[in-house]
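Please look through the sequence and the model below before reading on. The paragraphs that follow begin with the ligand and then move to one strand and its partners.

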Amino acid sequence: MGKVYLVGGGPGDPDLLTIKAYKILKEADVVLYDALVSREILKLTKPDCLRIYVGKRDGRHSLPQEEINDLLLRFSKVYDKVVRLKGGDPFVFGRGGEELLFLKEKGVEVEVVPGVTSAVAAPSFAFIPVTHRGLASSFAVVTGHPNRGVDWSAFSKVDTLVILMGVKSRQRIAKELIRAGRNPEEPVAFIEKATTPDQREVFTTLGELAENPPEVETPAVMVIGKVVDLGREVLREALSYEQHR
Ligand code: SAH
């Protein structure tokens, strides 16, 4: 019986892979990977490593979760090192917990390798610290997926709100947060394709987002709170420096 590794591949930039994930990928016999995993990272695997795409995007399941579970189980009977590679961290909206429970129930040995989550790395790469003395002493990470029944009023007082999978519902989320008492003047950032060469930031306010939402491409991390202005300021200065040069 082999072992299954639930591995976080980080937010996109292959250099943000952990050394542990790197070592395991080098030795993997089979890798089942998601849409948000960078091609560069897959290139680290052995030439004879079996690479299987099981990704899902926007509710379009290319493989149902039960089939992924089943594949992991079957591969663990044949191969030594089975890697389930996910974007970011495997336990942050990655369904890693479900795979862990399923495999444990079947008696399969599992190791979890945490990854750098986009929830924190995307803001970082836009110079937005999720906490900052005097500005933000709490942050929450929430799904913006419409079917998850999130109670937005619970997040009216969290200093920095980080929303994953929220692009499609961005206008509705803004309206709900304003209704729940958040200030419409509050700054909002979307960081698209964070940590990749195509990263782009879109800045707005909660009020503007509720009235007239800007275009945003997926994947993107949405950040709401005072700390957003910090990143915006740094990026503005960097830009004017570039233009000056
Ligand atoms: N496990 C992942 C999150 C999976 S949910 C993690 O820890 O990062 C998928 C959501 O993550 C996307 O809808 C988007 O909001 C966010 N995301 C993941 N990678 C991203 C990236 N490189 N840039 C922007 N958003 C990203």
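A polar contact is a pair of N or O atoms within 3.5 Å. With that cut-off in mind, and remembering that this is a predicted model, we can begin at the ligand, where a backbone N or O atom of Met-165 lies 3.0 Å from an oxygen atom of the ligand. Once the ligand sits in the protein, 90% of the 540 Å² of accessible area that the ligand has on its own is covered.

Met-165 does not act as the sole polar neighbour in this description, for a nitrogen atom of the ligand is found 2.7 Å from a polar backbone atom of Pro-11, and an oxygen atom of the ligand is 2.7 Å from an N or O atom in the side chain of Ser-118. Pro-11 and Ser-118 also appear, together with Val-92, Thr-117 and Ala-220, among the residues that come nearest, out of the 17 residues around the ligand.

What kinds of residue make up the shell around the ligand? The shell divides into eleven nonpolar, four polar and two charged residues. Both domains take part in the shell, since at least three of its residues are drawn from domain 1, which spans 3-116, and at least three from domain 2, which spans 119-240.

We now turn from the ligand to strand β1, which is made of residues 3-8 and is mostly covered, with six of its six residues buried. If you follow the strand in the model, you will find Lys-3, Tyr-5 and Val-7 on one side and Val-4, Leu-6 and Gly-8 on the other, and both of these faces are covered.

Which strands pair with β1? One of them is β6, residues 81-86, which pairs with β1 in the parallel sense over six bridges, and within this pairing Lys-3 stands opposite Lys-81. Another is β7, residues 109-113, which runs parallel to β1 and is joined to it by five bridges; here Val-7 stands opposite Val-113.

Strand β6 deserves a second look, for Arg-84 is found in it. Is Arg-84 buried or exposed? Arg-84 has a relative accessible area of 0%, and because buried means under 20% relative accessible area, Arg-84 counts as buried. The side chain of Arg-84 has a partner in the model, namely the side chain of Glu-99, and a polar contact of 3.1 Å joins the two.

Key
Residues numbered from 1 in each chain as written. Predicted model: local features only at pLDDT ≥ 70, side-chain atom pairs only at ≥ 80, totals over all residues. Heavy atoms only, no water. Near = heavy atom within 4 Å. Polar contact = N/O pair within 3.5 Å; in protein donor to acceptor, adjacent residues only side chain to side chain. Areas by Shrake-Rupley, 256 points an atom, 1.4 Å probe, with all protein chains shown as cover. Nonpolar A, V, L, I, M, F, W, Y, C, P; charged D, E, K, R; others polar. Domains from an automatic or database assignment. Buried < 20%, exposed > 50% of the residue type's maximum accessible area, 1.4 Å probe, protein only. Helix = DSSP H or I, 4+ residues; strand = E, 2+ residues; numbered from the N terminus. Pairing = 2+ DSSP bridges.
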